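Student: I should like to learn how to read the features of a multi-chain model. May we work through one together?

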There are 4 protein chains.
Amino acid sequence: MRDIVRAGILGASGYTGADLVRLLATHTGVSINLMTANSHAGKPMAEVYPHLGGLNLPDLIKWEDADWSDLDVVFCGLPHGTTQEIIATLPDKVKVVDLSADFRLRNPDTYAEWYGHEHRAPHLQKEAVYGLSELNREPIHKARLVACPGCYPTATLLALVPLAQKQVILPDDLIVDAKSGVTGAGRAVKEATLFSEVAEGMHPYSVSRHRHSPEIEQEVGNAFRQEVNVNFTPHLVPMNRGELVTCYVKMAQGTDVATLRSTLAERYKDEPFVRVLPEGATPATRHVRGSNFCLIGVFADRIPGRAIVIATIDNLVKGSSGQAIQNMNLMFGLPETMGLEQQPLFP
Amino acid sequence: MRDIVRAGILGASGYTGADLVRLLATHTGVSINLMTANSHAGKPMAEVYPHLGGLNLPDLIKWEDADWSDLDVVFCGLPHGTTQEIIATLPDKVKVVDLSADFRLRNPDTYAEWYGHEHRAPHLQKEAVYGLSELNREPIHKARLVACPGCYPTATLLALVPLAQKQVILPDDLIVDAKSGVTGAGRAVKEATLFSEVAEGMHPYSVSRHRHSPEIEQEVGNAFRQEVNVNFTPHLVPMNRGELVTCYVKMAQGTDVATLRSTLAERYKDEPFVRVLPEGATPATRHVRGSNFCLIGVFADRIPGRAIVIATIDNLVKGSSGQAIQNMNLMFGLPETMGLEQQPLFP
Amino acid sequence: MRDIVRAGILGASGYTGADLVRLLATHTGVSINLMTANSHAGKPMAEVYPHLGGLNLPDLIKWEDADWSDLDVVFCGLPHGTTQEIIATLPDKVKVVDLSADFRLRNPDTYAEWYGHEHRAPHLQKEAVYGLSELNREPIHKARLVACPGCYPTATLLALVPLAQKQVILPDDLIVDAKSGVTGAGRAVKEATLFSEVAEGMHPYSVSRHRHSPEIEQEVGNAFRQEVNVNFTPHLVPMNRGELVTCYVKMAQGTDVATLRSTLAERYKDEPFVRVLPEGATPATRHVRGSNFCLIGVFADRIPGRAIVIATIDNLVKGSSGQAIQNMNLMFGLPETMGLEQQPLFP
Amino acid sequence: MRDIVRAGILGASGYTGADLVRLLATHTGVSINLMTANSHAGKPMAEVYPHLGGLNLPDLIKWEDADWSDLDVVFCGLPHGTTQEIIATLPDKVKVVDLSADFRLRNPDTYAEWYGHEHRAPHLQKEAVYGLSELNREPIHKARLVACPGCYPTATLLALVPLAQKQVILPDDLIVDAKSGVTGAGRAVKEATLFSEVAEGMHPYSVSRHRHSPEIEQEVGNAFRQEVNVNFTPHLVPMNRGELVTCYVKMAQGTDVATLRSTLAERYKDEPFVRVLPEGATPATRHVRGSNFCLIGVFADRIPGRAIVIATIDNLVKGSSGQAIQNMNLMFGLPETMGLEQQPLFP
């Protein structure tokens, strides 16, 4: 009989932490042995997230009070910046699935430029593996520290990387118009995400300044084997969950929309969570809500030589907690879909 | 090894049918062998509900074309009225979990008064068992035909029946102010449920005329062992899922709010899906979204001698498909929580 | 030619302040000469509320820096508690339309009980006039200080006071189940009103503890000429604007639903902003959105001797800024509908 | 004293008709003398749109029963296709403000290609003037028949035409990623616009096949004085009103983002309804809700040589009824802002 993986969740009071708990509750190979949330230490999780009140969970503690000795893995949902230092203190035998941005960027200068301070654990950065499960499966399998991608990069890279690798699209004029639900902003209290500031309206934000830009450029550049600039323009949409990227691409000489679609379909034909839609079907965020799925559609463009590739995920699942669990499954040799069998919740 | 229960879904193209499929997809003791939807016959379910596109499902057929021979149970999500005739044609060995209103009312005159025509299968009505799982477990266990309660009655009766049975509340002046999400109206195409007619607003509907009134009165009356009139006033709220009933009750002489709370807590202390909240905690629809849970809270009233009992469910799960599966589990001797382990989806 | 009334807005950075500006922008008898918002002093209003960027407005200042000499009236949208002291410092010639709760309760003990501190300007409390325009027109006309009602009391009292005054309903067992949009909570930054905590869900709040309870009881009691207890149970609904109260009442001996409806219809037949709906028509928040209207419907109850009276308003307009302007019009002898001619925004 | 313009509204039962009535109710130079809605003939408008119940309006009639003799202008909100024939029967002295797509496309072949049938009034097409008020003021002033632009073209053209005319952007690789609220789909009853199909989700639609594409290409082409292909990709967002276009453009040699911004600012500096935002300010649909405003922002792109121009309008106002009134004001020599002074409704 398989041993149960003993997991801790650091920073459990964010939406990401709550969704980890929701999904792990149905994972038969993992137990949640520790949960930290410094601002809520001493409380039961059900007080912070009443929807989880039916579960038997350890109370929230401060991370300084954690006993790492009986853990096999930690999911780390701490704020950017603090993560580095905490992870650096963990015993080597504890594997780490990091959901923050701290170990995504390989170039420390890029990190410093976009996050405003020097990286505090550059030695760990070197061993960190970029955790886009479908595109980096083998390295994740062997990794001790996996840096889960941002939500926008997850959708964008699933759409573009296979096309870039096969050179059926060109590296220039890549435009990614992204739309996200409000949970992407987390549970931190801000005027900008109050209900009445968001409902019944939408707007772009962080235009050309979003921190997922360098991450997208890094990975798309890797796929093209050259540096690229990518336009990445996110918009906030009045919904809780869901993310959709509309990618405007130039096709390589001699390729067409059908080539793009078949390239993606071939690449993902054995993947349990990525579905390339047939011609005419349209990705919609509601068709992945609450699940680990990614749907991708390819469309003709009225401008000759261009095409449109559209991908959608649930930002809290495939874009965060679900992919983290998928990576943990890989790291421990568990079936990749364990704990992620839930179908989308529609309506 | 346990045999797999072979299930059919009649009327699979409604939201109820889709949610049955979503939940049954994670039920390890049931297979979906047949799905009917006369208006969509010939199509794959994924065309009608793309969010279910990751599942391997039988195509939709007309119910007239169904082969009942290899089925153990049918879930019947047909419109009110048509259900009676179709169920009457099923072979005896097929058990029936009916989600329509056709077999809920014991008195055929009441049925005729509220549904506008004589009952078409009164003999089946006699054998039908009212399927409120927690309150009618033994009869459901032995039944061939279970009439699942309406969504509003489910929440209302879970809140009131134990209090009525223990006579800690009085049968007069019972007021139930109910609020529901829009999926309660189904997927039928109507101006009244267009997005722009519902979003960013709310309103009461069917005031004193809603068809769940006689059902609530029948069951509350049974609990009190006398006829009762219940005020039932539903309101439509701009959300997909969720239902909350605010019940204004008169307490019996000598009882108080604490008595009411402890009566409910005692009644449900071993129930996996019903949670009575401690003093000060407030039921919220979002804490049950997508799950089979029911949360109940009891509150003081400023009017002496009165109290407020508030219950919430997901109308499509505990109010419909989830309770149907719970009943099927009971009918086949399966663990009652099978296929219903999903935690609420919040946010 | 009529002189222009010179107005100041204290606490202009709340939603109430913004809606005052929106409405006054179309009022041809008023100019906005001063706007204070201590936390945003020095900024243009358009920075705090970009939707008002097309208007020519004075910059925001601290109230301590205000020059009262060229003002005829101030609208006071300050937080509860601070209002009393600031208003006490204003020159006598400046009329005051107060939108806070500070001068609504006539009994200083009740104020202290519900607001947690002694009243700081009891002499002003004595001269304050309760500003429910339709029910208190003459005193408002002559007042220097008008205390505008809370949003919930506005809807509730418009529905119940005429019935109580005419004694067609009884003073016992009055139950008010209220539903409100999220702007009722203001723009203050709180986890509970984040989009993802509110959208796609609903819940009751402050059950039996809401501060509008004593205000409703005071005014309903006045109408009945006796003390009353009123059940008041508010619920938060995922919409920006709108409020609906479902009032469950006992009818006096010899009256019926038609009597109630005609009593209200007669009382409001000349009112420009209150409409009593004919039998069968249902009040809906979306039919008053953005406007100063109040719609009232009367419905039969299944419980003999009871009836249901339902009223709806836009909480920010008739429930706050609109009624404030209506009161100012009365105080200055202007046509009562000036600045309030906007029709509801639907959808 | 100015004569009152006597107006009729054809097809008054759509959202466009209702918003015309809402706005005209505050227009002091127009009276509504006739309203047609064939499917609702005989009803009062307040039955179809209860939010307009406070107005004194003519009952709805069939258009065949209309008496044109005492009308100066008709607003025509009929479905595409039927409009042509009805307008062709109107007496010459009645001016026409058409809100349908029937007279927008100058090339009858393009019309036939996109609308599936030959144009039925090509002679009228010749005299029709394209009604983008700010960009075509003089011809509109003199026109008898004005074809109001589609909602998407309105926002797109206000953003791009001045840049194209001044040649500060290039005609190739023009990409318009558009987002719209659900009222854009009208009040017609369709499964796709049911609340539960739209809320808490978003998706693209009509990718590369939307009928506003040829209209945008026609007018952008005119501005560039050459044929262009424009990528136009609309998305449906869960909100009632509001539209935002994110336009990805290539800058001409020697220009930069500041040039684009100043070109637009200069072009619109005297316009009452178009505001070019300063650097750093972001257009948001909620800042124009219910109003005739258009907000435009210009942003740097991470791809050298490219820029992002973002415009937002309320699709029912500047994108439809508001612009129609603005055009009528121009056609009758009235002040252009009459009836359109309402400030945006936020929240």
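Tutor: We shall discuss symmetry, one interface and two residues of chain A. Please keep in mind that this is a predicted model.

Student: By what turn and shift can chain A be laid on chain C?

Tutor: A turn of 180° with a shift of 0.0 Å along the axis lays chain A on chain C, and the RMSD is 0.0 Å. That is the relation of a two-fold axis. The contact surfaces may be examined as well: 100% of the interface residues of chain A are also interface residues in chain C, so the copies meet through the same surface.

Student: How is the size of an interface expressed?

Tutor: It is often given as the accessible area lost when the parts come together. Here, chain A and chain D bury about 4,200 Å² between them, with 55% of it on carbon and sulfur atoms. On the side of chain A, the residues that lose the most area to chain D are Glu200(A), Met202(A) and Arg302(A), together 19% of what that side buries. The contact takes 50 residues from each of the two, chain A and chain D.

Student: How many salt bridges and polar contacts are found between chain A and chain D?

Tutor: The rule finds eight salt bridges across this interface, and 34 residue pairs are in polar contact. Glu217(A), for example, forms a salt bridge with Arg302(D), in which the closest N and O atoms are 2.7 Å apart. Among the elements of chain A that each supply at least two residues to the side touching chain D are helix H9 (212-224) and strand S11 (243-250).

Student: Is Lys250(A), in strand S11, buried or exposed?

Tutor: The cut-off for buried is under 20% relative accessible area. Lys250(A) has 17% and is therefore buried. Its contacts beyond four places in sequence include Ile169(A), Arg306(A), Asp173(D) and Lys250(D). Within chain A, a polar contact of 2.9 Å joins the side chains of Lys250(A) and Asp173(A). The C-alpha atoms of Lys250(A) and Pro171(A) are separated by 8.0 Å, although these residues are 79 residues apart along the chain.

Student: Where does UniProt place the feature "active site"?

Tutor: The unreviewed UniProt entry places that feature at Cys151(A). In the model, Cys151(A) lies in helix H7 (residues 151-165) and counts as buried at 13% relative accessibility.

Student: Which residues does Cys151(A) touch beyond four places in sequence?

Tutor: Cys151(A) touches His212(A), Glu243(A), Ile313(A), Asn315(A) and Gly319(A).

Technical notes
Residues are numbered from 1 along each chain as its sequence is written. Chains are lettered from A and ligands numbered from 1 in the order in which they are written. This is a predicted model: local features need pLDDT of at least 70, side-chain atom pairs count only at pLDDT 80 or more; totals for chains, interfaces and linings use all residues. Side-chain values use heavy atoms; hydrogens and water are left out. Copies are superposed by least squares on the C-alpha atoms of residues with pLDDT of at least 70 in both. Contact means heavy atoms within 4.5 Å. UniProt positions are given in the numbering used here, feature names are shortened, and annotations may be inferred rather than shown by experiment. Helices (H or I, at least four residues) and strands (E, at least two) are DSSP runs, numbered from the N terminus. Buried means under 20% relative accessible area, exposed over 50%, partly exposed in between (1.4 Å probe, protein chains only). Buried area is the accessible area (1.4 Å probe) that two parts lose on being put together, summed over both. A salt bridge is a side-chain nitrogen of Lys or Arg within 4 Å of a carboxyl oxygen of Asp or Glu. A polar contact is a pair of N or O atoms within 3.5 Å; within protein, one must be able to donate a hydrogen and the other to accept it, and residues adjacent in sequence count only if both atoms are side-chain atoms.
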